[in-house]
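Reader: I'm new to this one, and I'd like to go through it slowly. Could you put it up first?

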Amino acid sequence: MTVPRYLAAAAVVLLTTAVVSTAPAQATDAAEVVRARGSLHDLQLSTTGPFDDARARFLMVQRQGSSVVILKVRGIDQSVAGRTFGAHLHTGPCVTGNGAAAGPHYNADTVAGHVPPRVDASTEVWLDFEVTPAGKGFAIARVPFTPLPGNRSVVIHEMPTDHHGAAGPRQACLPVSW
């Protein structure tokens with residue numbers, strides 16, 4: 001889904017205002033904010049890809065057991081405008097040239113020990129985005145859990161996420177640690 005720039009900006013402002021309120025809060029009501037930004041790490045060094053010169057920003061606001069996650073990508077090769085790419089929070093670190101290092105998708109059911117774990121947009125952070133003619137992408141997701149701290153990554157995949165959580169080969173990643 002393509003989100004017009006003005007709606008995306010409004011969503012960020014409303015989200016930040018609603019989640020990081022200036023009203024007095026109980027200690028258990030405090031929000032934690034996680035930020036990451038920078039050039040994407042290439043996971044397919046042997047081929048030229050649409051994310052080779054791209055940069056990304058990641059924002060996650062965790063509050064009262066849920067999280068709102070925003071991903072903004074720019075500098076994407078404009079030849080892929082109109083295509084949708086899957087992007088997910090992964091359990092492992094972002095290592096250039098080594099997509100496997102990112103591990104599997106972060107899954108709240110797996111962390112909680114549920115067998116078998118559900119795989120859907122309520123147990124994982126799915127951030128699919130469509131590339132605009134200007135070479136940008138934007139995604140926002142709200143999930144009913146707060147991912148545990150660690151050296152994580154947001155991995156961008158070759159295809160949109162299907163109903164099983166699959167999105168094809170890993171193209172690029174952004175390190176996210178907290």
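Author: What follows is a talk about confidence, the sheet, a histidine and some aromatic rings. This is a predicted model, in which local features need pLDDT of at least 70 and side-chain atom pairs count only at pLDDT 80 or more, while totals for chains, interfaces and linings use all residues. Residues are numbered from 1 along each chain as its sequence is written, and side-chain values use heavy atoms, with hydrogens and water left out.

Reader: OK, what is the mean pLDDT of the protein?

Author: The mean is 89, and 84% of the residues reach 70 or more, where pLDDT is the predictor's confidence in each residue, from 0 to 100.

Reader: And where does pLDDT stay under 50?

Author: That is the case over residues 5-26, for which the model has 15 contacts beyond four places in sequence, a contact being heavy atoms within 4.5 Å. Where pLDDT is low, the predicted coordinates should not be read in detail.

Reader: Now the sheet: in which order do the four strands come?

Author: The order is β1-β3-β4-β8, in an open sheet with antiparallel pairing; strands here are DSSP runs of E with at least two residues, numbered from the N terminus, and two strands pair if DSSP finds at least two bridges between them. The edges are taken by β1 and β8, each with a single partner strand, so one side of each is left without a neighbour in the sheet. From one strand to the next, the twist averages 10°, with axes taken as lines fitted to C-alpha atoms and angles running from 0 to 180 degrees between N-to-C directions.

Reader: How many bridges hold each of those pairs?

Author: Between β1 (residues 32-39) and β3 (residues 55-63) there are eight bridges, and between β3 and β4 (residues 66-74) there are nine, while eight join β4 to β8. Phe58 in β3 is the bridge partner of Ala36, and Phe58 also has Leu71 as its bridge partner in β4. Further along, Lys72 stands opposite Phe138 in β8.

Reader: What about the turn between β3 and β4?

Author: The two strands form a hairpin with two residues between them, and Gln64 in that turn has a positive phi of about 50°.

Reader: Different topic: is His105 buried or exposed?

Author: His105 counts as buried because its relative accessibility is 16%, and buried means under 20% relative accessible area, exposed over 50% and partly exposed in between, with a 1.4 Å probe and protein chains only. His105 is found in the loop between β6 (87-90) and α2 (108-112).

Reader: Which residues does it touch there?

Author: Leaving out residues up to four places away in sequence, His105 touches several, among them Trp126, His157 and Gly165.

Reader: Fine, and how many aromatic pairs are there?

Author: The structure holds four, counting rings of Phe, Tyr and Trp (its six-membered ring) whose centres lie within 6.5 Å, with planes under 30 degrees apart called stacked, over 60 edge-to-face and the rest tilted. Phe51 and Phe129 have ring centres 6.2 Å apart and planes at 85°, so that pair is edge-to-face. The pair links distant parts of the chain, 78 residues apart, with Phe51 in the loop between β2 (41-42) and β3 and Phe129 in strand β7 (residues 129-130).

Reader: Which residues are in the cluster?

Author: Ring pairs link Phe51, Phe85 and Phe129 into a cluster. Phe51 is buried, with a relative accessible area of 3%, and Phe129 is buried with 1%.
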